[in-house]
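I am opening a new page to record what I looked up in this structure, keeping to what can be read from the coordinates. I begin with the inside of the fold and work outwards.

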Amino acid sequence: MVNIGFSFVGLLGLIDVIFALAVFTVTLILLFQDRPTLRGNKIGFYIAQLVLIPLCLLLAGAMFVFQGWRLDPPLTFAILCLNLVIFFLVLKDFFINFGR
C-alpha cells in the first residue's frame with residue numbers, strides 16, 4: 001500500500017527532490033568550471049558534494065513524500081531545521097562561486 005499525503009512534510013519532500021536535482025546540476029557545472037584550478041582536497045570535496053548531498057536529499061524527499069504524514073510535529077520541525085541548514089550551505093556555496 002502506498003499512501004501519499006499532501007501535508008507540509010509532503011511538500012517539503014517534493015522540494016527536497018527538486019532541490020536534489022538542482023544541487024547535482026549546479027555542483028556538476030562548478031566542477032567543470034573550476035577543473036583547471038582543482039588541487040588536493042578541493043576535488044574530493046566537490047565529488048563528495050556531487051554525490052552525497054543530492055543522494056541524501058533525494059532519499060529523504062522520497063521518504064517524506066510517501067511517509068511524511070506519519071511524522072509528529074517535533075520531528076517535522078527538526079526536518080525543517082535540517083533542510084534550512086542544507087539550503088543555506090548550498091546557497092552560500094552558490095553565491096560564493098557565482099558572485100565573482
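**Entry 1, the cavity.** I looked at the lining of the largest cavity and noted that its largest share, four residues, comes from helix 1. The model is a predicted one, and I keep that in mind for every entry below. The residues I found lining the largest cavity are Val23, Val26, Thr27, Leu30, Gln49, Val90, Asp93 and Phe94. Helix 1 and helix 3 are the elements that give two or more residues to this lining. Sorting the lining by character, I get five nonpolar residues, two polar ones and one charged one. I then asked myself what volume the largest cavity has. The value I wrote down is about 40 Å³, and my count of cavities of 30 Å³ or more comes to one.

**Entry 2, the overall layout.** I stepped back to the whole chain, which has three helices and zero strands, so that I could place the later residues; read along the sequence, the pattern is α-α-α. Taken along the principal axes, the C-alpha atoms fill a box of roughly 50 × 25 × 20 Å. I also noted that 30% of the 100 residues of the chain count as buried.

**Entry 3, a nonpolar patch on the surface.** Which residues make the nonpolar surface patch? I listed Ile29, Leu91, Phe94, Phe95 and Phe98, which together make a patch of about 470 Å². Helix 3, residues 73–98, gives the largest share of this patch, namely four residues, whereas Ile29 has its place in helix 1, residues 8–33. I checked Ile29 on its own as well, and it counts as partly exposed because its relative accessibility is 44%, which falls between the 20% and 50% cut-offs. Going back over my lists, I see that Phe94 is named in the patch and also in the lining of the largest cavity.

**Entry 4, Tyr46.** Is Tyr46 buried or exposed? I found it to be buried, because its relative accessible area is 7% and the cut-off for buried is under 20%. Tyr46 is found in helix 2, and I compared its position with that of Ile96, 50 residues apart along the chain, where the two C-alpha atoms are separated by 14 Å.

**Entry 5, Gln67.** I turned next to Gln67, which lies in helix 2, residues 41–67. With a relative accessible area of 35%, Gln67 is partly exposed. I looked up its separation from Ala22, which is 45 residues apart from Gln67 along the chain, and the distance between their C-alpha atoms is 23 Å.

**Entry 6, Trp69.** Where is Trp69 placed? I found Trp69 in the loop between helix 2 and helix 3, and at 40% relative accessibility I record it as partly exposed. I also looked up Trp69 against Phe6: the two are 63 residues apart in sequence, and their C-alpha atoms are 7.7 Å apart in space.

Methods: Residues numbered from 1 in each chain as written. Predicted model: local features only at pLDDT ≥ 70, side-chain atom pairs only at ≥ 80, totals over all residues. Heavy atoms only, no water. Patch = residues over 30% accessible without salt bridge, like charges linked within 9 Å, V, L, I, M, F, W, Y side chains within 5 Å. Areas by Shrake-Rupley, 256 points an atom, 1.4 Å probe, with all protein chains shown as cover. Salt bridge = Lys/Arg side-chain N within 4 Å of Asp/Glu carboxyl O. Buried < 20%, exposed > 50% of the residue type's maximum accessible area, 1.4 Å probe, protein only. 1 Å grid on protein atoms, 1.4 Å probe; cavity = no way out; pocket = protein on both sides within 12 Å on 5 of 7 lines; lining within 4 Å. Points joined across faces, edges and corners; volume = space filled by probe spheres on them. Nonpolar A, V, L, I, M, F, W, Y, C, P; charged D, E, K, R; others polar.
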